[in-house]
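Here are a few notes from my pass through this model, in no strict order. Have the coordinates open while you read.

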Amino acid sequence: MDWIDALILGIVQGLAEYLPISSSGHLEIMKQILGLDIDPDASLEFSVLLHVATVLSTIVVLWREFWPLAKSFFTLRFDDNFYYVCKILLSCIPVGIVGVCFKDQISELFDGNLTVVGVCLIVTAALLCFAYFTRTREDLSRPQAYRGRDISWLDAFIIGCAQAVAVLPGLSRSGTTIATGIMLGDNRAKVANFSFLMVIIPILGEGLLDMKDMLLADAATAAAVSPVAMLTGFLASFIVGCIACKWMLEIVKKGKLVWFAVYCAAAGLLCLIW
């Protein structure tokens with residue numbers, strides 16, 4: 001993989017992480033288009049690096065929300081912000097279990113298998129449609145103050161379970177978690193913020209573990225993706241992620257996620273017939 005390939009993949013990750021179209025699925029599709037044949041372990045490590053970049057862009061864009069939460073939690077203020085962070089931690093438990101117990105099986109899915117990607121993209125489309133027709137369309141007819149409730153402890157856990165399932169390539173993490181929150185009756189804007197904040201802990205944790213693995217990797221695996229390509233992909237993913245995060249927050253507020261369902265369904269069908 002050269003730096004141009006990494007630049008393209010970084011741009012794709014930055015856009016697809018926030019738009020409900022599956023970043024992992026689109027990375028696999030783009031690797032096929034570019035004709036990249038990367039060792040599965042190196043491919044997963046590169047994908048995690050790009051995800052870390054978009055997580056950092058989340059912190060930058062949502063800094064006004066992130067800093068009060070972090071300050072309240074680490075100073076043990078036991079206020080609303082403290083308990084909000086506790087809900088985020090609760091939501092991370094399911095994906096943590098999946099990551100620890102099924103990491104090897106998940107790694108095998110990141111080997112260019114577009115059939116899995118295609119099926120999961122179609123599932124993403126179905127979730128977005130279901131959320132729109134069961135909740136969003138009804139909410140848009142109501143006054144702003146009555147468009148959904150706050151996220152409860154049970155909602156946080158259920159949304160966390162949705163995030164755990166969304167580790168599959170092609171199943172959009174943002175789309176799955178936001179659609180789940182909307183179907184539970186949560187406020188669209190609040191569930192979008194929660195969805196973006198809840199991914200910070202598992203992705204940064206995975207990134208630290210993969211950094212250790214990369215330092216201990218053999219020469220063949222380490223050479224699969226050069227340091228220049230890593231840095232290029234990271235910067236592209238971070239910059240584009242900042243732009244896409246702001247855009248996605250506005251899209252969710254306006255209730256326009258259903259249009260991405262059309263795209264996911266079309267992309268999924270193309271993957272199945274490729």
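1. A word on terms before the core: contact here means heavy atoms within 4.5 Å. By that criterion, and leaving out residues up to four places away in sequence, Phe260 touches Leu19, Pro20, Ile21, Leu128 and Ile251. Bear in mind throughout that this is a predicted model.

2. Phe260 also belongs to the largest nonpolar core, which has 49 residues. It is listed there among those with the most contacts inside the core, together with Leu121, Ile178, Phe194, Phe196, Met248 and Leu257. Helix H13 (residues 227–253) gives the most to this core, seven residues in total. Another core lies apart from it, with 11 residues, including Leu9, Leu27, Leu36 and Phe46. As a general point, nonpolar side chains in soluble globular proteins tend to be buried together.

3. On the overall fold, you get 14 helices and zero strands. Of the 274 residues in the chain, 51% are buried. Take the contacts between residues at least 6 apart in sequence: 82% of them join residues at least 24 apart.

4. Have a look at H10. Nine of the 11 residues in this helix (residues 188–198) are buried, so the rest of the structure largely encloses it. Phe194 and Phe196, mentioned above for the core, are among the buried ones, as are Arg188 and Asn193. At the start of H10, a side-chain oxygen of Asn187 comes to within 3.0 Å of the backbone nitrogen of Ala189.

5. Then there's the largest pocket, with a volume of about 740 Å³. Its lining takes in 32 residues, and Val95, Val167, Pro202, Ile203 and Glu206 lie nearest the centre. By type, the lining splits into 17 nonpolar, 11 polar and four charged residues. Which helices supply at least two residues each to this lining? The answer is H2 (23–34), H3 (40–61), H5 (80–101), H6 (103–109), H9 (173–183) and H11 (200–216).

6. Two backbone angles deserve a glance. Most residues other than glycine have a negative phi. Ser22, in the loop between helix H1 (3–16) and H2, has a positive phi near 75°. Leu76, in the loop between helix H4 (63–74) and H5, has a positive phi near 55°. Are these two residues buried or exposed? Ser22 is buried, with a relative accessible area of 1%, whereas Leu76 is exposed, at 51%.

Conventions. Residues are numbered from 1 along each chain as its sequence is written. This is a predicted model: local features need pLDDT of at least 70, side-chain atom pairs count only at pLDDT 80 or more; totals for chains, interfaces and linings use all residues. Side-chain values use heavy atoms; hydrogens and water are left out. On a 1 Å grid over the protein atoms alone, a cavity is a set of points where a 1.4 Å probe fits but cannot get out, and a pocket is an open set with protein on both sides within 12 Å along at least five of seven lines; lining residues have an atom within 4 Å of a point. Grid points are joined across faces, edges and corners, and a volume is the space filled by probe spheres set on the points. Helices (H or I, at least four residues) and strands (E, at least two) are DSSP runs, numbered from the N terminus. Ala, Val, Leu, Ile, Met, Phe, Trp, Tyr, Cys and Pro count as nonpolar, Asp, Glu, Lys and Arg as charged, and the others, Gly among them, as polar. Buried means under 20% relative accessible area, exposed over 50%, partly exposed in between (1.4 Å probe, protein chains only). A polar contact is a pair of N or O atoms within 3.5 Å; within protein, one must be able to donate a hydrogen and the other to accept it, and residues adjacent in sequence count only if both atoms are side-chain atoms. A nonpolar core is a set of buried Ala, Val, Leu, Ile, Met, Phe, Trp, Tyr and Cys residues joined through side-chain atoms within 4.5 Å.
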